[in-house]
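Reader: I should like to learn how the packing and burial in this model are to be read. Please take me through the features in turn.

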Amino acid sequence: MLTKSVRRKACATCTKSKRPCSKRLPRCDRCERKRIPCKYPPINQTAREYADAADGSATTGQDPAYEVTEVTVALPIHMVASEPFYSEDVLEAQLDAGEVYHPCFRGVVRNTKSLPLGPDWFYSPASWMIMHGNTPAFSKQTFDNAALKQHVTTTQAWLRRWASTGRSPFIHHRLYSQKMPRCVQDAYTALTTYLAHSPENSDLCLRIIRDWAVGLVEEGGGATPATGNAMLLDPLEHLARVHALFVYQMIGLFDGDIALRAVAESHMSTLTTWVAEMWENAQLDANIHTLVLESDFSSGGDVAATIFTTENAAWRRWIVSESIRRAWLLVTITQSIYELFRTGWTRCDCNINWTTRTGLWDAPDQYSWSRLVTAGSGPLFVPSLCADLLFEEAAPSEVDEFAHDILIAIFGLEKMAKWKALQR
């Protein structure tokens, strides 16, 4: 049952400018970006009354604590930013302009200008921001059910591909080349066993998978048994336990065995928690990475530059970080779809960035990857709920297989068909 929460009022600056406000503390995203003071109204005063009484002080002048450097030249690499908030005003404007393709996208502001590409474009703390909105729950009738079912079928095909080739659009072929945690080894063995099972040994196979899934959850997926502290895991270990449990969940939720499904449903909240912990750990690692770079550069050293900014290190870091992003998207969308078909309702109010440019995921080596980053075509780094811009600014061939599936799941089959037809 959904409960109504008290909504924080917009700041004086956004109110006077008649712009959406993210309502973050201590300052909203718009004021932070413009480097101007941000003041919120008291409880007993409306945002408009407070803005009018502010006598313009909240909308003029720059914060002296900041020095703004204007970027006049952007690299020829398309990155996309979106405002991390939901706005009824933006929704009305989108409806009037006919820009709303899917309920999850409603009211999300986007900015599709080219942005400068730094060496940490995929690993900066800002790139790990999860943008939350206030979108309501939506019923099953709101979505393209055929597209949602196709997403499940596609994900199952990706798992079969991983079992047969060691790679898939969400498990990179180099991800576990140096270290493959035991939980992933077990999940891989369980998956290959499941795909090869026969009617005669089906019960035995499903019981083994059920026991391994229960064991993984009971052990915390590698967290220290004595403390259960998941923060002791590194980003790869966090990702590994998410991958492992997701394999078991895909088998359990969609195989049809009642007992296995009951176990899988009981593990959905665990997988959601592990995904959140994986993301928090990645954010922490990115912050440490940034602090080390800034500290070393400010002291005139070059150790951090050597360790963190070499192209080989950047490629490896991108493989892990992009795998985390894709795991977040795949788990979140898949479990939301299952909940939608099970209960008839779901929510979709979170937004993350991921890499969409074709060729990057399948690049055989660091050199090929670097060339595609700097000289490839098509949008590079895109927010998930604003991904419909790919329909306008990219050809289908410029968007990779994983992005195609996400577009289908979010915006439906008809929109994809029109996009592909226009490119012929």
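**Contacts, burial and helix packing**

Author: Leaving out residues up to four places away in sequence, Glu 401 touches Trp 158, Arg 161 and Pro 169, where contact means heavy atoms within 4.5 Å. Glu 401 belongs to helix α15, residues 401-411; helices (H or I, at least four residues) and strands (E, at least two) are DSSP runs numbered from the N terminus. This is a predicted model, in which local features need pLDDT of at least 70 and side-chain atom pairs count only at pLDDT 80 or more, while totals for chains, interfaces and linings use all residues. Residues are numbered from 1 along each chain as its sequence is written, and side-chain values use heavy atoms, with hydrogens and water left out.

Reader: Is Glu 401 buried, partly exposed or exposed, and what is its relative accessibility?

Author: Buried means under 20% relative accessible area, exposed means over 50%, and partly exposed lies in between (1.4 Å probe, protein chains only). Glu 401 has 38% relative accessibility and therefore counts as partly exposed. Its C-alpha atom is separated by 9.8 Å from that of Ser 168, although the two residues are 233 apart along the chain.

Reader: How many helices and strands does the protein have, and what percentage of its residues count as buried?

Author: There are 16 helices and eight strands in the protein. Of its 424 residues, 49% count as buried. As for contacts between residues at least 6 apart in sequence, 74% join residues at least 24 apart.

Reader: Which residues does Trp 361 contact, leaving aside its neighbours within four places in sequence?

Author: Trp 361 lies in the loop between β7 and α13. Its contacts beyond those neighbours are Ser 168, Pro 169, Phe 170, Ile 171, His 172, His 173, Trp 318, Glu 322, Ser 323, Arg 326 and Asp 400. Trp 361 has a relative accessible area of 5%, so this residue is buried. The C-alpha atoms of Trp 361 and Ile 171 are separated by 9.6 Å, with their positions 190 residues apart along the chain.

Reader: Where is Thr 356 found, and is this residue buried or exposed?

Author: Thr 356 is in the loop between β7 (353-355) and α13 (366-375). With 0% relative accessibility, Thr 356 counts as buried. Not counting residues up to four places away in sequence, Thr 356 touches Pro 379, Leu 380, Val 382, Leu 390, Glu 398, Val 399, Asp 400 and Ala 403.

Reader: How should one read the packing of two helices, and at what angle do α6 and α8 pack?

Author: Two packed helices are described by the angle between their axes and the distance between the axes. Axes are lines fitted to C-alpha atoms, for helices over the stretch in contact, and angles run from 0 to 180 degrees between N-to-C directions. Helix α6 (residues 182-195) packs with helix α8 (residues 235-254) at about 20°, their axes being 8 Å apart. α6 is therefore roughly parallel to α8; angles under 35 degrees count as roughly parallel, over 145 as roughly antiparallel, 65 to 115 as roughly perpendicular and the rest as oblique. The crossing of these two helices, α6 and α8, is left-handed, a term used if the near helix is turned anticlockwise from the far one by less than a right angle, whereas clockwise is right-handed.

Reader: Which residues of α6 and α8 meet?

Author: From α6, Cys 183, Val 184, Asp 186, Ala 187, Ala 190, Leu 191 and Tyr 194 meet Ala 240, Arg 241, Ala 244, Val 247, Tyr 248 and Ile 251 of α8. The contact of α6 with α8 has 11 nonpolar, no polar and two charged residues. Here Ala, Val, Leu, Ile, Met, Phe, Trp, Tyr, Cys and Pro count as nonpolar, Asp, Glu, Lys and Arg as charged, and the others, Gly among them, as polar.

Reader: At roughly what angle do the axes of α5 and α6 cross?

Author: The axes of helix α5 (residues 145-165) and α6 cross at roughly 105° and come within 10 Å. α5 is therefore roughly perpendicular to α6. Leu 159, Arg 160, Trp 162 and Ala 163 of α5 meet Val 184, Tyr 188, Leu 191, Thr 192 and Leu 195 of α6. By class, the contact of α5 with α6 comprises seven nonpolar, one polar and one charged residues.

Reader: How many disulfides are counted?

Author: A disulfide is a pair of cysteine sulfur atoms within 2.5 Å, and the count by this rule is zero. For Cys 14, the closest cysteine sulfur is that of Cys 11, at 3.6 Å, too far for a bond. Cys 14 is buried, with a relative accessible area of 1%.
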